[in-house]
Amino acid sequence: MPDQPLSGESALIHAAVQRELGEPVVPPPMLASVFASLGEPSAQAYGRNGNPTWLALERALGAIEDAEGVVFASGQAASMALMLALAHGRDRIVLGRDGYYNARQLADRLRPHGTEPVHVDLQDLGAVERALGSGGGVLWAESPTNPLLRVADLPALGRLAASAGAPMIVDNTLATGVLQRPLDLGAVASLCSLTKSASGHSDVMAGAVLTRDTALADELRSWRTLGGGIAGPLEAWLALRGLKTLPLRIERQSATALAIAEYLAGHARVTAVHYPGTCGQMREVARAQMPRGFGPLLSFELDGSATDADEVVAAARLIVPATSFGGIESTWERRGRWPGESAPESLIRLSAGLEPAADLIADIDQSLRAG
Ligand SMILES: *Cc1c(COP(=O)(O)O)cnc(C)c1O
């Protein structure tokens, strides 16, 4: 091993690589629910407590954010464990009003257990400060948001949370730890749905929490063991396989998304483009906390109705009509088709894949003429 400290990217690639002669370089998925054991059981005596394939994925995730990783069955399973672990003894969870819909729904379910969700605009630091009060809260932040791509000033939120004695969580699914490091910006935990960019191949569901707080990591593992929201070993293996190319993919996808956002900003049928790399006052905050790129996701509004937007989405030949984001294939959808979504009705959310930007722009161009 070289003397200088290993970069996160090398650590990510080598986290699960075997150097033992005769061993497979990449360990196969450990498809076992029971492990032979005697006496005091280790963490891997039973498959709900541990599995070597999760551990490999957790080590790789931890390498990206210099933290301990705890892997779950999905992003939502990770959110549930984190909310339950942090809500204990706290009476408020302060969330962004335009944050991920299912996180807001989940927080609402905590009410009967004594934790009140408070929905605020994370851009409004005064409102966040008032909502946090003088203690007893949790700040659940997300940046950039999905689908409006609004950027919150994470260091400023982190300072407010610290002075209110509230742990700050950042849902980092969109940026991933490659583009944004919430734990360096004041967060106690960083949440990532591995289903999206982190695994990147639209073939697996998983989620993770990254934290440097050992007691919190232990608590999360305990919620996972008792709640049962474990990642399957095959899923963990697929997620790890995808994760190793995350830095390459997300930089290319960010560059492509920026090129598309710039193209759309000049299009006569487009009334608004939402992308952290092009949007006025948010761009400076985004540049400071996302130095390597602004992510694969952008959205735009059409001069037209919901039906017009549906027709544009259906007219694409290359971009796949589908939800989710971060896959190697570009996808788009009219976001307002989802019940409960508050995005403008003509808003189309687009995830840039790995196709060349010129091919994507040509496809968007012909879709905007056909639709
Ligand atoms: C998809 C998503 C989640 C939930 O992840 P799942 O793996 O679908 O459970 C959480 N937060 C954000 C921002 C997401 O996009």
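Helices here are DSSP runs of at least four residues, numbered from the N terminus. Keep that in mind as you explore this predicted model.

**Stop 1: the ligand.** Select the ligand to begin. You will find it in the largest pocket. Now show the shell of residues around the ligand. Two helices, α3 (75-87) and α8 (194-198), each supply at least two residues of that shell. Colour the shell by class, and you should see four nonpolar, seven polar and three charged residues.

**Stop 2: the nearest neighbours.** Which residues come nearest to the ligand? Of the 14 around the ligand, they are Gln-76, Asp-171, Ser-193, Thr-195 and Lys-196.

Zoom in on Asp-171: an N or O atom in its side chain is 2.7 Å from a nitrogen atom of the ligand. Next, pick Lys-196, where a polar side-chain atom lies 2.8 Å from an oxygen atom of the ligand. Then try Asn-146, which has a side-chain N or O atom 3.5 Å from a ligand oxygen. How much of the ligand does the protein bury? Taken alone, the ligand exposes 380 Å², and the protein buries 94% of that.

**Stop 3: the sheet.** Leave the ligand and select five strands that form an open sheet, in the order β8-β9-β12-β11-β10. The pairing in this sheet is mixed. Look for the edge strands, β8 (270-274) and β10 (320-321), each of which pairs on one side only.

**Stop 4: a pair of strands.** Finish with β11 (residues 331-334) and β12 (residues 347-351), which run antiparallel and are joined by four bridges. Click on Trp-332, and then find its bridge partner in β12, Leu-350.

Notes
Residues numbered from 1 in each chain as written. Predicted model: local features only at pLDDT ≥ 70, side-chain atom pairs only at ≥ 80, totals over all residues. Heavy atoms only, no water. Near = heavy atom within 4 Å. Polar contact = N/O pair within 3.5 Å; in protein donor to acceptor, adjacent residues only side chain to side chain. Areas by Shrake-Rupley, 256 points an atom, 1.4 Å probe, with all protein chains shown as cover. 1 Å grid on protein atoms, 1.4 Å probe; cavity = no way out; pocket = protein on both sides within 12 Å on 5 of 7 lines; lining within 4 Å. Sits in = over half its atoms within 2 Å of the grid points. Nonpolar A, V, L, I, M, F, W, Y, C, P; charged D, E, K, R; others polar. Pairing = 2+ DSSP bridges.
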